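User: Please take a close look at one part of this model, a pairing within one of its sheets, and then set that part in the context of its surroundings.

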Amino acid sequence: MPTDPPQQNAQSTAHRADPAMCAVIDTRVVSESLPGQCYVEQKWFDVDLDEIFAKQWLFVAAEAEIAEPGDYVTVEFGTRSVIVTRDNLGNVRAHHNVCRHRGARLITQANGSTGTIVCSYHSWTYGTDGRLMYAEAQAPDFDKRCFSLRSVAVRTIAGLVFICLADDPPTDIDDVARIVEPYLAPHRLSEAKVAKQTDLVENGNWKLAMENNRECYHCGGHPELLNVFFPTWGYSDSDAIPDRLTAVVERYRRATAELTDTWNRFGLPYRRIAQLDSRPTGFHIEREAMDLAGESFTLDGTTACTRPLSDDLPDRRLGRLSMHLQPNMWLHVTSDHAVLFSVIPIRPDETLVRTTWLVNAAAVEGVDYDLDRLTGVWEITNQQDADLVRLAHRGIADPAYVPGPYGPSEFQVEAFINWYVTRLRVNLGLDADATA
Ligand code: 3BY
Ligand code: FES
């Protein structure tokens with residue numbers, strides 16, 4: 001039986017021997033931001049792509065983006081490009097976007113719908129399941145079965161599509177799925193539709209975009225988001241609350257206690273689970289109350305879509321379900337919509353932040369929701385974050401930069417960096433005894 005060629009890319013181990021980088025990894029001070037070179041140098045960027053983005057599970061799309069057979073999205077991580085499709089049988093598939101003849105890039109569109117994938121060069125034609133269907137003028141003994149597109153590991157979790165470019169993807173994605181699926185599934189993301197998707201290019205390293213997301217210490221810069229995000233600065237569960245935060249923490253706790261009854265009534269799991277740096281596929285999931293009306297990401301906290309996201313969850317006031325997965329995603333789900341974020345490195349100082357809003361598939365724009373109201377708070381928050389990431393990158397690129405300390409409310413930034421350094425060590429083979 002014909003088999004796929006070995007997937008190992010000979011270039012991917014090229015960085016293992018760089019002693020200067022290994023020294024930085026070895027001498028890195030825990031609880032401080034990374035040395036500047038990790039954020040600004042091309043060498044580090046290349047290692048990030050080869051050792052993090054080519055080896056870990058990555059969030060690449062919502063199933064709603066490829067709702068019908070033949071729908072596809074392409075996603076690029078450096079020189080690697082992947083086609084994510086829904087095949088004719090309705091399965092989500094992922095393949096390298098590289099022709100098996102002489103290697104031409106197959107699809108150059110970001111998304112679309114097609115019955116077959118036809119190479120522009122010599123017209124080799126593949127099915128959406130990756131099988132080579134047609135190759136003109138070949139020798140009589142040419143066996144099409146030997147030239148399927150090279151597959152990429154793909155995993156859907158409650159309507160979210162993850163890929164892993166490694167030959168041997170981290171197997172703990174199954175454990176993560178088992179834990180997070182009960183939280184996500186009631187919201188029926190797999191049946192939702194895309195209301196809007198935006199691509200924002202931030203002028204900063206991808207790690208700075210992620211670090212920025214992993215804390216609300218800077219949330220004073222997000223007045224619109226703060227209407228509904230309780231600014232508890234990491235003290236929501238603390239016994240030693242600073243005086244200035246007593247009132248907001250108490251308000252947060254009252255709202256949470258009220259919502260707990262609702263969550264219990266619907267059987268929605270809400271326990272916070274944070275395993276951000278203790279496993280290969282680090283993640284965090286929690287359900288939290290929101291301020292004001294407590295329903296959605298709008299200026300007054302009331303829903304932006306009159307149809308609930310899930311027909312099973314008609315209560316408007318559900319707070320938010322929030323999830324992070326290392327290295328490149330976070331999401332929030334309210335009663336009326338979901339907002340999903342993925343981070344895609346472009347260059348050392350450029351990062352794409354893709355935001356996708358999902359609503360009930362039956363919701364009608366202009367009738368059930370106004371698009372500006374649905375997306376406004378996060379559009380402005382994203383722009384504010386982009387401005388902060390640009391400033392961070394510029395300062396870090398200055399030779400005067402030295403790493404600074406993380407405070408208590410930056411524990412998730414620290415977890416992200418701890419995870420990153422551990423994955424580098426393991427994936428570069430620096431820790432013989434570390435968990436793969
Ligand atoms: O989306 C988030 O979870 C974080 C929290 C605050 C800053 N960032 C927007
Ligand atoms: Fe694709 Fe020749 S390179 S058909």
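Analyst: Glutamate 76 faces serine 81, a residue of strand β3, across a strand pairing. The model examined here is a predicted one. The pairing in question links strand β2, residues 71-77, with strand β3, residues 80-86; the two run antiparallel and are joined by 6 bridges. In general, strands of a sheet pair through backbone hydrogen bonds, in either a parallel or an antiparallel manner.

This pair belongs to an open sheet of 4 strands, arranged in the order β4-β3-β2-β5 with antiparallel pairing. Its edges are formed by β4 (92-96) and β5 (111-113), each of which pairs on one side only. From one strand to the next, the twist averages 25 degrees.

The β3 segment also leads into the interior of the protein. Valine 84 is in contact with Tyr72, Val73 and Val75, with Val92 and Ala94, and with Val60, Ala61 and Ile66; its further contacts are Val154, Val161 and Ile163, when residues up to four places away in sequence are left out. Valine 84 is also named, with Val60, Phe162, Ile163, Ala338, Leu358 and Val359, among the residues that touch the most other members of the largest nonpolar core, which has 101 residues. Helix α9 (residues 411-427) supplies the largest share of this core, with 7 residues. Nonpolar side chains tend to be buried together in soluble globular proteins.

Several of the contacts of valine 84, including Val154 and Val161, direct attention to a second sheet. That sheet is open and has 3 strands in the order β1-β10-β9, again with antiparallel pairing. Strands β1 (58-62) and β9 (153-157) have a single partner strand each and stand at the edges, so one side of each lacks a neighbour in the sheet. Neighbouring strands here are turned against each other by 30 degrees on average, direction ignored. Between β9 and strand β10 (residues 160-164) there are 5 bridges in the antiparallel sense, and threonine 156 has valine 161 of β10 as its bridge partner. Helix α4 (residues 173-184) packs on this sheet through contacts with β9 and β10, and its direction makes about 25 degrees with that of β9.

The loop between α4 and β11 (193-202) contains arginine 188. The phi angle of arginine 188 is near 55 degrees, a positive value in a residue other than glycine. Arginine 188 counts as buried because it has 20 C-beta neighbours inside 10 Å. A phi near 55 degrees, likewise positive in a residue other than glycine, is found at leucine 292, which lies in the loop between β13 (283-288) and β14. Leucine 292 has 14 C-beta neighbours inside 10 Å and therefore counts as partly exposed.

One further backbone feature concerns the peptide bond between glutamine 326 and proline 327, which is cis, with omega about 5 degrees. Proline 327 is located in the loop between β14 (320-325) and β15 (329-333).

Finally, the surroundings of the ligand may be described. Asn213, Cys216, Cys219, Ser322, Trp330 and Thr381 surround ligand 1. By class, this shell consists of 3 nonpolar and 3 polar residues, with no charged residues.

Technical notes:
Residues numbered from 1 in each chain as written. Chains lettered and ligands numbered in written order. Predicted model: local features only at pLDDT ≥ 70, side-chain atom pairs only at ≥ 80, totals over all residues. Core = buried A, V, L, I, M, F, W, Y, C linked by C-beta atoms within 7 Å. Buried ≥ 20, exposed ≤ 12 C-beta atoms within 10 Å, placed from the backbone. Contact = placed C-beta atoms within 7 Å. Pairing = 2+ DSSP bridges. Axes fitted to C-alpha atoms, helices over the stretch in contact; angles between N-to-C directions. Near = placed C-beta within 6 Å. Nonpolar A, V, L, I, M, F, W, Y, C, P; charged D, E, K, R; others polar.
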